[in-house]
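Here are a few exercises to help you find your way around a structure you haven't met before. Try each task yourself, then read the solution.

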Amino acid sequence: MTAGLAIEARGLCKSFDGKPAVRGIDLAVPQGAIYGILGPNGAGKTTTLRMLLGIIEPDRGARSLLGFDRPLEAARIVGYLPEERGLYPAMTARDAIAFMGALRGLPLEVGRKRAEILLRENGLGDYVDKPIKALSKGMAQTIQLFGTIVHKPKLIVLDEPFSGLDAINQGRLEHLIREEAAAGTTVIFSTHVIHHAERLCERIAIIAAGRIGFEGLVSEARERLRPVVRVRTRAQDGVWRSALPADAARVDGVWQFELPAAGIEPLLEAFIAGGAGIEELSIERPGLHDAFVAIAGEAAAREMGGAAREKETAA
Amino acid sequence: MMGLWESAWVIARRDFVATVLSRTFILFLIAPLLVFAVALAVSRFAQQREARALQPVVALVTDGATAQAVIEARDRLAGGTSEQTFPELRPVAPAERIGVQIQRLLADSEGNYSAVLSGSLDRPVLTGPRRADDSLTQRLQLIIDQARQTRALGDSPESLGAPLQRVVAAAAAGNLHMLRRQFARGGQGLIFAITVLLATMLLSTLIEEKSNKVIEVLAAAVPLDAIFLGKLFAMLAISTVGLLLWGGIGITAYLFSQVVSDWVNLPDVSPAVGWPAFVVLIVIYYATNFMLLGALFLGIGAQASSVREIQTITMPVTLLQVVVFLLAANTLGASGWLAWLAWLVPFSSPLAMVGEAAMSASIWPHLLLLLWQLAWVVLIVRISSRMFRTTVMKSAAGGPLLDVRAWRGGGADAARPAE
């Protein structure tokens, strides 16, 4: 394993009933980072996380979790919140958290004490001895999250942690993730809601159609797209229009196009000389959402092209 | 990673507490007792009713002295056996035309006579339809013989001679063999009955995790082998609680009955290995039988995704148990390939060996066979967890079948949570 990495995966592949779900994923998650795995539904995010954790074995490829080649050997120092939340309905909130800690080697009594502290600190003190079946879905999800961190893991893996939470609880979760990372814990989470990743992550991987479409810093993902220029003119027509790039399109009276390689100055000179009358002008760096859509779209197009070629070859 | 046994302990503790502290557990404890008590009461009542209903009634058309002699002889014989063993005799004064009277009595639906005994002690005549076993004729013959004997010897006790003297001997080979077979049957029946009771519970034990979606939380933290083992041990512990309660009630009832009346006596013959060893072996074989069948049922049940599927699986599983029980029961005290089959087939081995413990004093075959059975427990748990991993978790089996490392655990010191 490479030093300084909490997770390292090379060429992970997995098929279900002959249908590939993950096709050669490489990952390198630095220790102490908040790392996002982004992808559309069915991209292979959950399968990737399950393989990293050893819940399912990859068909091919290798992975290392906190230096352990067999992921279960690191189970004591890993916390995992699965996409499909699951708790025993008859257990009390305190016991559910303590039980999840006990599964990771934390003595039950220590787990109970920590559970009570976690619940009280987060305004759920009244629910310590309430059974899970008496709690709302959001509360139960919070209980499971506490169960994921009660044993103070070095790596926290969260599969779609924000789904099912209201805006307030989403904010709390973001805060909790930041706190854990500040304490030196590595946090990796999957999501298809981009703004969480944009706010939290330094590095991300975008998975589409079972492959990594992008891996790197969030800023690098954004830089894959050129800035967008939006300009509103007083004049509708004129010689200045010949200076517009080929991809320029007018939407609701505003010209939109990617920032030309030569920069904005030549264009502005042409507009002024041609009497376009610039009323509004903005140059915006695309958000992660745009980068995500573009990268996932490219991957889907490649996948469709590949499938079409396979069909042609077969025919 | 926590060691396999440590992980299994966490799973077992949760299952045990969750089950024992649930309201349904009280039902689990009480239901067999109630069913047993009701079945016992109903069967005793039905047996008495049935015996009374099946007791033939014979009209005694003789002179008064003969009728009295026959009835006294009948009562003497019935006193030594049971009231229902001999027919009920009702004296009827003879009419002038005996033949007509007999036909009328046989046709009398209110009298409900099976036959009519007429004539004298020297020339008795039994009139009635032929019974398939003709047992009525034989029993009436016994009564008449008894009456004739009494008439010949007189009524005084001295003239009848001394009653049968009872001399108690330490043992008799035939009696010993018979009682030991009963112990063997009892031991086998007990283990079989309890395992049948728990089969459905074992089959459905993983449904909870699947329906609550807890299985992924467990599978991410501990080896699947540990989940299976933990559940198995939890169920064993739960059933042991039941056994202790039921056994305690049984022993208390026995002691109470000893105090109240002396109608129950423990036989003075012991099983071949002795009572203490026999009891210990019953407990151990119960545990191995439970673990063997439990591991199998857990593996089968793990494939099911709903209670409906479990119900479908239950019947063939119960049939399998019955076949195994019959194999063990029918090879009791036997030798040859069928006996070897019963000893070596892992699922019949505990039952067959309990029988052996009652019949044979050798201990070493038990030690060997227990190791054999435990090896099968390990193998079945491994196979079940691999099947679960491949079919339910949709994953490759992961590691060789007999991977000892997986059962030892590892990395415990390297990866320990902060306390």
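**Exercises on chains, cores and a helix**

**Exercise 1.** Work out what share of the contacts in chain B with a separation of 6 or more comes from residues 24 or more positions apart.

*Solution.* Bear in mind that this is a predicted model. Start with the makeup: chain B has 16 helices and four strands. Next, burial: 32% of its 419 residues count as buried. Now the contacts: among those with a separation of 6 or more, pairs 24 or more positions apart make up 77%.

**Exercise 2.** Describe the side of chain A that touches chain B.

*Solution.* First, count who takes part: 34 residues of chain A and 28 residues of chain B. Then ask which element gives the largest share on the chain A side: helix H2 (residues 93-103) of chain A, with four residues. Finally, sort that side by residue type, and you get 23 nonpolar, eight charged and three polar.

**Exercise 3.** Find the residues with the most contacts inside the largest nonpolar core, then look for a second core.

*Solution.* The largest core holds 153 residues, and A:Ala96, A:Ile97 and A:Ile206 have the most contacts inside it. Its largest share, 15 residues, is supplied by helix H11 (residues 275-303) of chain B. Zoom in on A:Ile97: setting aside neighbours within four places in sequence, its contacts are A:Gly111, A:Ala115, A:Leu118, A:Ile143, A:Phe146, A:Gly147 and A:Val150. There's also a second, separate core of 18 residues, with B:Ala59, B:Ala69, B:Phe86 and B:Ile144 among them.

**Exercise 4.** Check the length of helix H3 (residues 64-80) of chain B, then work out how its buried residues are arranged.

*Solution.* Take the length first. At 1.5 Å a residue, the 17 residues of this helix should span 24 Å, because the expected span uses one less than the number of residues. The end C-alpha atoms are 25 Å apart, which agrees.

Now list the buried residues of H3(B): B:Thr66, B:Ala69, B:Val70, B:Ala73 and B:Arg74. Looking down the axis of H3(B), these buried residues fall within an arc of 130°, so they line one face of the helix. A general rule helps here: an α-helix has 3.6 residues a turn, so residues three or four places apart point the same way. On the other side of H3(B), B:Gly64, B:Ala65 and B:Gly79 are exposed.

Last step: what do the buried residues of H3(B) pack against? Their partners are strand E1 (57-61), strand E2 (88-91) and helix H5 (135-153) of chain B.

Note on methods:
Residues are numbered from 1 along each chain as its sequence is written. Chains are lettered from A and ligands numbered from 1 in the order in which they are written. This is a predicted model: local features need pLDDT of at least 70, side-chain atom pairs count only at pLDDT 80 or more; totals for chains, interfaces and linings use all residues. Helices (H or I, at least four residues) and strands (E, at least two) are DSSP runs, numbered from the N terminus. A residue is buried if 20 or more other C-beta atoms lie within 10 Å of its own, exposed if 12 or fewer, and partly exposed in between; C-beta atoms are placed from the backbone. Two residues are in contact if their C-beta atoms, placed from the backbone, lie within 7 Å. Ala, Val, Leu, Ile, Met, Phe, Trp, Tyr, Cys and Pro count as nonpolar, Asp, Glu, Lys and Arg as charged, and the others, Gly among them, as polar. A nonpolar core is a set of buried Ala, Val, Leu, Ile, Met, Phe, Trp, Tyr and Cys residues joined through C-beta atoms within 7 Å. The arc is that of the directions from the helix axis to the C-beta atoms.
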